[in-house]
Amino acid sequence: MSERVVAAIDQGTTSTRCLLFNRSGRMLAVAQREHRQHYPRPGLVEHDAAEIWRNVTRVVPAALRSAGLGPEHLVALGIANQRETTVIWNRHTGVPLARAITWQDTRTDGIVSRLVEDGHAPLIKEVCGLPPATYFAGPRLRWLLDHVPGAREGAEAGDVLFGTMESWLIWRLTGRHVTDVTNASRTMLMDVRTLEWSDALLEVLAVPRRMLPEIRPNAEVYGTCTTVLPGVPVAGALGDQQAALVGQACFSPGEIKCTYGTGAFLLMNTGPQLAESTHGLIPTVGYVLGDSPVYALEGAIAVTGSLVQWFRDSLGMIGTAAQIETLASTVADNGGCYIVPAFSGLYSPRWHPDARGVMVGLTSFINRGHLARAVLEATGWQTREVVDAMNADSGVPVTRLKVDGGMTANHLLMQFVADVLDVPVERPLGSEAVSLGAAYAAGLAVGHWPDLEVLRANWHRAAAWEPRMDEALRRREHENWGRAVDRSYGWVQSPAD
């Protein structure tokens with residue numbers, strides 16, 4: 001096989017994968033390795049960045065072997081990553097100073113509360129577009145600087161570096177300390193208009209500038225691999241949800257996609273203007289593939305696929321994730337049972353860090369099938385809340401939703417999403433939009449694909465679900481969901497930081 005292909009590393013929350021794509025955007029091979037999840041205390045979630053790097057060194061050659069290819073067949077490598085997960089490491093040894101703190105972790109609640117109490121919230125929102133929240137990387141970096149021995153001194157001396165996971169991997173592959181603009185936009189440290197680090201925000205969060213990577217566009221040759229794929233250019237990087245926006249070819253304002261993975265993330269392209277949100281959404285950088293940024297509105301749902309994983313692993317209700325659809329199909333409805341998976345608080349559009357998961361409506365009638373259905377319906381109703389917020393903020397009603405990610409293989413869930421949204425739901429041929437978006441960015445940077453129209457032409461619909469729920473039932477169930485969510489509030493006090 002002599003076809004020239006683009007490789008993508010998809011560094012996700014639970015695993016790291018390498019995927020190979022041809023010019024038409026078809027996946028040729030994939031290799032994957034899971035990494036361990038560390039839970040030191042309730043609300044704390046960590047990853048070993050060194051373990052993730054070791055997995056990269058294994059999955060990349062495995063994908064090439066699977067396709068019968070060598071590094072000489074690769075035109076470029078792109079990276080998509082779990083956003084907001086924060087790592088610091090020694091510039092000279094390459095050894096992380098501590099485990100990476102993941103995007104799900106809530107230990108920075110005390111730091112965020114003090115930022116608000118000290119009156120910094122308006123400045124933060126004005127400069128970076130983000131509300132102060134435990135969700136973002138900046139407070140995690142502050143926590144590491146305050147709690148890891150030698151971290152602050154090393155950072156001030158230029159010996160300790162900070163990055164989100166794409167920055168860590170680019171540094172390991174090429175030796176360059178850079179980050180892409182979409183990941184930088186999730187730190188609470190970047191000016192969302194100038195696309196540069198903000199001195200004012202660095203001062204507020206007490207972060208030394210010397211430890212920060214250089215901010216670069218999403219499609220650019222950052223460097224050449226010196227290991228794993230010697231000689232191959234690393235030419236694209238995006239946070240995973242922005243990568244899916246590109247992979248779904250949402251290049252026009254108003255187009256919207258939702259990626260269903262560990263969590264679920266809806267992004268709407270809002271064009272060259274930074275959108276404002278008054279309904280709990282996050283204005284963010286969508287991508288920079290040319291000379292100017294394209295912005296997006298985002299709704300982030302913390303727990304979707306991970307709820308199915310909890311149902312499987314912690315409760316033992318099913319043997320595999322796929323079995324939840326079969327189990328849920330044994331009943332006609334949820335039997336009056338609702339599950340609100342606020343395991344680490346509620347994200348968009350409610351933003352309640354004090355919320356915790358609840359199961360309501362239990363009676364002796366409820367069985368495993370009803371619980372399985374309630375698990376799936378939780379994802380549908382959380383999607384509905386975000387879409388309602390997007391409709392209110394944008395003034396342009398969502399008329400169709402493009403979906404991708406592992407949960408889209410669940411037809412019962414996708415039908416329920418269409419039913420509660422009352423709009424068609426569409427899945428493209430191949431559901432690997434995150435990895436494809438990273439590959440597209442890298443391929444654009446080296447001229448493998450000439451423009452966005454070629455990428456748009458690669459998009460083909462593989463499945464669609466039309467709404468068929470009665471309006472009265474939709475309204476009644478939506479009200480019941482809201483009552484259930486109200487009961488999840490106020491369960492925890494702010495942890496000591």
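A charge is taken to sit over a ring if NZ of Lys or CZ of Arg is within 6 Å of the ring centre and within 35 degrees of the ring normal. The legends below describe a predicted model, in which local features need pLDDT of at least 70, side-chain atom pairs count only at pLDDT 80 or more, and totals for chains, interfaces and linings use all residues. Residues are numbered from 1 along each chain as its sequence is written, and side-chain values use heavy atoms, with hydrogens and water left out.

**View 1. Charges over tryptophan rings.** The charged end of Lys 402 sits over the ring of Trp 459, 4.5 Å from its centre. Arg 107 lies over the face of Trp 143, at 4.5 Å from the ring centre.

**View 2. The open sheet and its helices.** Seven strands (DSSP runs of E, at least two residues, numbered from the N terminus) form an open sheet of mixed pairing in the order β17-β18-β16-β15-β21-β22-β23. Two strands pair if DSSP finds at least two bridges between them. The edges are β17 (282–287) and β23 (461–465), each with a single partner strand, so one side of each has no neighbour in the sheet. Strands β15 (residues 256–260) and β21 (residues 401–404) pair in the parallel sense over three bridges; in β21, Val 403 is the bridge partner of Cys 258. Helices are DSSP runs of H or I, at least four residues, and contact means heavy atoms within 4.5 Å. Helix α9 (residues 240–247) packs on the sheet, and β17 is among the strands that α9 touches. Helix α13 (residues 411–421) also packs on the sheet, touching β15, β21, β22 (425–428) and β23.

**View 3. Tyr 135 and Trp 351.** Rings of Phe, Tyr and Trp (its six-membered ring) pair if their centres lie within 6.5 Å; planes under 30 degrees apart count as stacked, over 60 as edge-to-face and the rest as tilted. Tyr 135 and Trp 351 form a tilted pair, 6.1 Å centre to centre with 40 degrees between the planes. The two residues are 216 residues apart in the chain. Tyr 135 is buried at 1% relative accessibility, whereas Trp 351 is partly exposed at 23% (buried, under 20% relative accessible area; exposed, over 50%; partly exposed, in between; 1.4 Å probe, protein chains only). Both belong to one aromatic cluster with Trp 103, Phe 136, Phe 265 and Tyr 347.

**View 4. Trp 381 and Phe 416.** The ring centres of Trp 381 and Phe 416 are 5.6 Å apart and the planes lie at 85 degrees, so the pair is edge-to-face. Trp 381 in helix α12 (residues 368–394) is thereby linked to Phe 416 in helix α13, 35 residues apart. Trp 381 is buried, with a relative accessible area of 0%; Phe 416, at 12%, also counts as buried.

Terms used
Axes fitted to C-alpha atoms, helices over the stretch in contact; angles between N-to-C directions.
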